[in-house]
Amino acid sequence: MMDLRKKQRAVVDALEDIKGYDIVVYNTAALPSMFERVVIASGDSTRQVKALAINVQDKLEGLGARVYGVEGAASSEWILVDLGDMVVHIMHPTVRSFYNLEEIWGGKSINMKKVARKKTRKAKVRGKAARRRSKR
């Protein structure tokens, strides 16, 4: 079974690979649901929405995760990819604004850090070092 953090990172990476945008990840573990994460992303066209869903499936299956089901691929305005403990909603912007899933799952989103994490840590360290020097 794949680690949940690794799985959510792989999903976000797969979405970013095909230029998905407005990607949010919600922690739903404390809610009475059958999954622990909800991911919502947008694509500009039905073609892109479909490509995003296919890329998520391919990338996760390639990492050994199970895809339990896919809904909405026929119209490709809203595709749901069921990964068991995570559900991915990929939507056309007009459909996304109409259904406003952020309000349903709203609350605490998970901030996904970019790959360049070391730069932010170094900046914090430099800031602390500068404060120490100024106190002397």
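A salt bridge here is a side-chain nitrogen of Lys or Arg within 4 Å of a carboxyl oxygen of Asp or Glu. Keep that in mind for a couple of the stops below.

**Before you click**

This is a predicted model, in which local features need pLDDT of at least 70 and side-chain atom pairs count only at pLDDT 80 or more, while totals for chains, interfaces and linings use all residues. Residues are numbered from 1 along each chain as its sequence is written, and side-chain values use heavy atoms, with hydrogens and water left out.

**Stop 1: the whole chain**

Start in cartoon view. You should find 5 helices and 6 strands, where helices (H or I, at least four residues) and strands (E, at least two) are DSSP runs, numbered from the N terminus. Trace the chain along its sequence and the order reads α-β-β-α-β-β-β-α-α-β-α.

Now colour by accessibility. Of the 136 residues, 36% count as buried; buried means under 20% relative accessible area, exposed over 50%, and partly exposed in between (1.4 Å probe, protein chains only). For contacts, the rule is heavy atoms within 4.5 Å. Take the contacts between residues at least 6 apart in sequence, and 59% of them join residues at least 24 apart.

**Stop 2: α1 against α2**

Select residues 4–17 for helix α1 and residues 46–62 for helix α2. Two packed helices are described by the angle between their axes and the distance between the axes. For this pair the angle is about 140 degrees and the axes are 9 Å apart. That makes α1 oblique to α2. The axes are lines fitted to C-alpha atoms, for helices over the stretch in contact, with angles running from 0 to 180 degrees between N-to-C directions. As for the names, angles under 35 degrees count as roughly parallel, over 145 as roughly antiparallel, 65 to 115 as roughly perpendicular and the rest as oblique.

Turn the view until one helix lies in front of the other: α1 passes α2 in a right-handed crossing. The rule is that a crossing is left-handed if the near helix is turned anticlockwise from the far one by less than a right angle, and right-handed if clockwise.

Next, show the side chains at the contact. From α1, pick Lys7, Ala10, Val11, Asp13, Ala14, Leu15 and Asp17; they meet Leu52, Asn55, Val56, Lys59 and Leu60 in α2. Sorted by type, the residues of this contact come out as 7 nonpolar, 1 polar and 4 charged. In that sorting, Ala, Val, Leu, Ile, Met, Phe, Trp, Tyr, Cys and Pro count as nonpolar, Asp, Glu, Lys and Arg as charged, and the others, Gly among them, as polar.

**Stop 3: Val56**

Stay in α2 and centre on Val56. Buried or exposed? Val56 is buried, at 0% relative accessible area. Leaving aside neighbours within four places in sequence, Val56 is in contact with Val11, Ala14, Leu15, Val81 and Ile90. Try a distance label from Val56 to Glu16 as well: these two are 40 residues apart along the chain, with their C-alpha atoms separated by 10.0 Å.

**Stop 4: the charged network on α1**

Side chains of opposite charge can pair when their charged atoms come close. A search of the whole structure turns up 5 salt bridges, and Arg9, Asp13 and Glu16 are linked in a network of them. Select Arg9 and Asp13, whose side chains meet at 3.2 Å, N to O. Being 4 residues apart in α1, they are separated by about one helical turn. Then add Glu16, which meets Arg9 at 4.0 Å, N to O.

How do the three sit relative to solvent? Arg9 is buried at 17%, Asp13 is partly exposed at 22%, and Glu16 is partly exposed at 30%.

For another salt bridge, jump to Glu102 and Arg96, at 2.5 Å, N to O. Arg96 is buried, with a relative accessible area of 9%.

**Stop 5: two backbone spots**

Most residues other than glycine have a negative phi, and most peptide bonds are trans. Go to Lys19, in the loop between α1 and β1 (21–27), where phi is near 65 degrees. Lys19 is exposed, at 62%. Move on to Asp22 in strand β1, where phi is near 50 degrees, also a positive value.

**Last stop: Glu71**

Finish in strand β3 (residues 69–71) with Glu71, which is exposed at 55%. Which residues does Glu71 touch, not counting those up to four places away in sequence? Trp78, Ile79 and Leu80.
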